[in-house]
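Biologist: I am new to this protein and would like to go through it with you step by step. Could you show me the sequence and the structure before we begin?

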Amino acid sequence: MEFRREIAVTSLLAPPDFKEELHTIEFREDPLTGVSCRINTHRARRPRQIEKAALPNYNLTTPQDCAFCPQNIECLTPQFPPALLSDGRIRQGECYLFPNLFPLAEHHAVGILSQEHIVGLNQFTTKMIADNLLGTIKYLLALQTHDNRGRLYPIYLWNHLPPSAASIIHPHTHILVDRKPTIYQQRLLECSRDYFRRTGKNFWHDLVEEEEKRGERFIASLGSNSVITSYAPQGNREVLFLFHQASNLAELSENQIEDFAVCLTRVLHGYSQMGIDSFNLSSFSGPIGESPEYYSLHAKLISRPPYQPFYRNDTGPLERFHYESDIEVEPEVVAKELRAFFSEDNPYANEI
Ligand SMILES: [Zn+2]
């Protein structure tokens, strides 16, 4: 497996004394897809003028009219047609799952994570996440039975707080299910199939084995789930969760969900310790009902800018137009920090 990188060094005369300063920009390529990013850790220290304008005492309040809060959820959220789900909504612990009122996919559901309107990253529990995913699986299995016109590709998305593009603060996930994979998902499936044809092996199993051997980006393996930082991340502090025995979301067992929920909770608590409050999570799943041996289900988590009235967006023209990410934290440093949250003497283990 090749972990390609190229280093460029650029020189400039920096004020106030205009002495020569050398900057290193590292270009990395993902070992499967070739999707590239550039890393300059020095950029984390650059001034952000707009953030200085942040208002003091910026507090979140709980609005009475939040449709996802317990007093409103039964009357303000939509229901599934009875032909799909006779109860209208799926209930699983604190999770309510119902159709998105403003759908972005042929099948688009929203899953509430907690009855609380505001949940900090260190307050998410394994049970909240596991219940949300159990509800998601029920939805996917109902769709599989109801809609048999061809392949269905599910995506499990979690946007937390407005810097991640969430419009509702109350913690919730999105489940999108379409007949076609996204272009990136298609590329993952094709590249994984090509790798299998070339080597006779599953790329994702090889990746975890290779990263465990190298160690610098490996965080932990817990039951059926392995956690690493991505070699060429698409976002800052990108963490990859690999499901060893699944290639699509709908086939996850309760044990696999539990293992993933424990891993994700620990990483979220780790993010919280790093001062992060906003993030995106996405699954990358094969089609429902198929289990190709060349592909493994996985999910990626990235941090987003802090939630405050004025912040600098971390996604610019390179990401939007050139599909190349501007990264300011080395994956190896993130892995080192998060590894502590999986150690036996993890001080936060009891809170999870
Ligand atoms: Zn609410």
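**Questions on a predicted model**

Modeller: Let us begin inside the chain, where the side chain of N132 makes a polar contact of 2.8 Å with the side chain of T173. Please keep in mind throughout that this is a predicted model.

Biologist: In which helix does N132 lie?

Modeller: The residues 126-146 form one helix, and N132 falls within that stretch. The element that holds N132 is therefore helix 2.

Biologist: Is N132 buried or exposed?

Modeller: The relative accessibility of N132 is 0%. Buried means under 20% relative accessible area, so N132 counts as buried.

Biologist: Which residues is N132 in contact with, leaving aside its neighbours within four places in sequence?

Modeller: T173, the partner in the polar contact, is one of these residues. N132 and L97 are 35 residues apart in sequence, and their C-alpha atoms are 8.1 Å apart in space. With the neighbours within four places set aside, the contacts of N132 are C95, G111, I112, L113, Y156 and T173.

Biologist: What distance separates the side chains of N159 and N280 in their polar contact?

Modeller: N159 belongs to strand 7, which covers residues 153-160, and at 16% relative accessibility N159 counts as buried. Beyond its neighbours within four places in sequence, N159 is in contact with several residues, including H172, H174, F279 and N280. The polar contact that joins the side chains of N159 and N280 has a distance of 2.8 Å.

Biologist: How many residues apart in sequence are the parts that the salt bridge of R179 and E106 ties together?

Modeller: In the salt bridge between R179 and E106, the closest N and O atoms are 2.9 Å apart. R179 lies in the loop between strand 8 and helix 3, whereas E106 lies in the loop between strand 5 and strand 6, so the pair ties together parts whose separation in sequence is 73 residues.

Biologist: Are R179 and E106 buried, partly exposed or exposed?

Modeller: R179 has a relative accessible area of 26%, and E106 has a relative accessibility of 41%. Values between 20% and 50% fall in the middle class, so R179 and E106 each count as partly exposed.

Biologist: Which residue of the salt bridge between K201 and D206 is buried?

Modeller: The side chains of K201 and D206 meet at 3.6 Å, N to O. K201 has 41% relative accessibility and counts as partly exposed. At 13% relative accessibility, the buried residue is D206.

Biologist: Where do E238 and K300 lie, and how many residues apart in sequence are the parts they tie together?

Modeller: The side chains of E238 and K300 meet in a salt bridge of 3.4 Å, N to O. E238 lies in the loop between strand 10 and strand 11 and K300 in strand 13, so this pair ties together parts that are 62 residues apart in sequence. E238 is buried at 4% relative accessible area, and K300 is buried at 9%.

Biologist: How many salt bridges does the count come to?

Modeller: Besides the pairs discussed, R5, E26, R28, E211, E216, R217 and E332 are linked in a network of salt bridges. The count of salt bridges comes to 21.

Biologist: What is the accessible area of the nonpolar patch that includes L22?

Modeller: L22 has its place in strand 2, residues 19-29, and is exposed, with a relative accessible area of 58%. Together with I7 and V9, L22 forms a nonpolar patch on the surface, and the accessible area of the three is about 310 Å².

Biologist: What radius of gyration does the protein chain have, and does it agree or disagree with a compact globule?

Modeller: The chain has seven helices and 14 strands, and its C-alpha trace spans about 70 × 60 × 45 Å along the principal axes. Of its 352 residues, 52% are buried, and among contacts between residues at least 6 apart in sequence, 67% join residues at least 24 apart. A compact globule with 352 residues would have a radius of gyration near 20 Å, which agrees with the value for this chain, 21 Å.

Technical notes: Residues are numbered from 1 along each chain as its sequence is written. This is a predicted model: local features need pLDDT of at least 70, side-chain atom pairs count only at pLDDT 80 or more; totals for chains, interfaces and linings use all residues. Side-chain values use heavy atoms; hydrogens and water are left out. Helices (H or I, at least four residues) and strands (E, at least two) are DSSP runs, numbered from the N terminus. Buried means under 20% relative accessible area, exposed over 50%, partly exposed in between (1.4 Å probe, protein chains only). A polar contact is a pair of N or O atoms within 3.5 Å; within protein, one must be able to donate a hydrogen and the other to accept it, and residues adjacent in sequence count only if both atoms are side-chain atoms. Contact means heavy atoms within 4.5 Å. Patches are made of residues with over 30% relative accessible area and no salt bridge: like charges are joined within 9 Å, nonpolar side chains (Val, Leu, Ile, Met, Phe, Trp, Tyr) within 5 Å. Accessible areas come from the Shrake-Rupley method with a 1.4 Å probe; for residues, only the protein chains shown count as cover. A salt bridge is a side-chain nitrogen of Lys or Arg within 4 Å of a carboxyl oxygen of Asp or Glu. The radius of gyration is taken over C-alpha atoms; the globule rule is 2.2 Å times the number of residues to the power 0.38.
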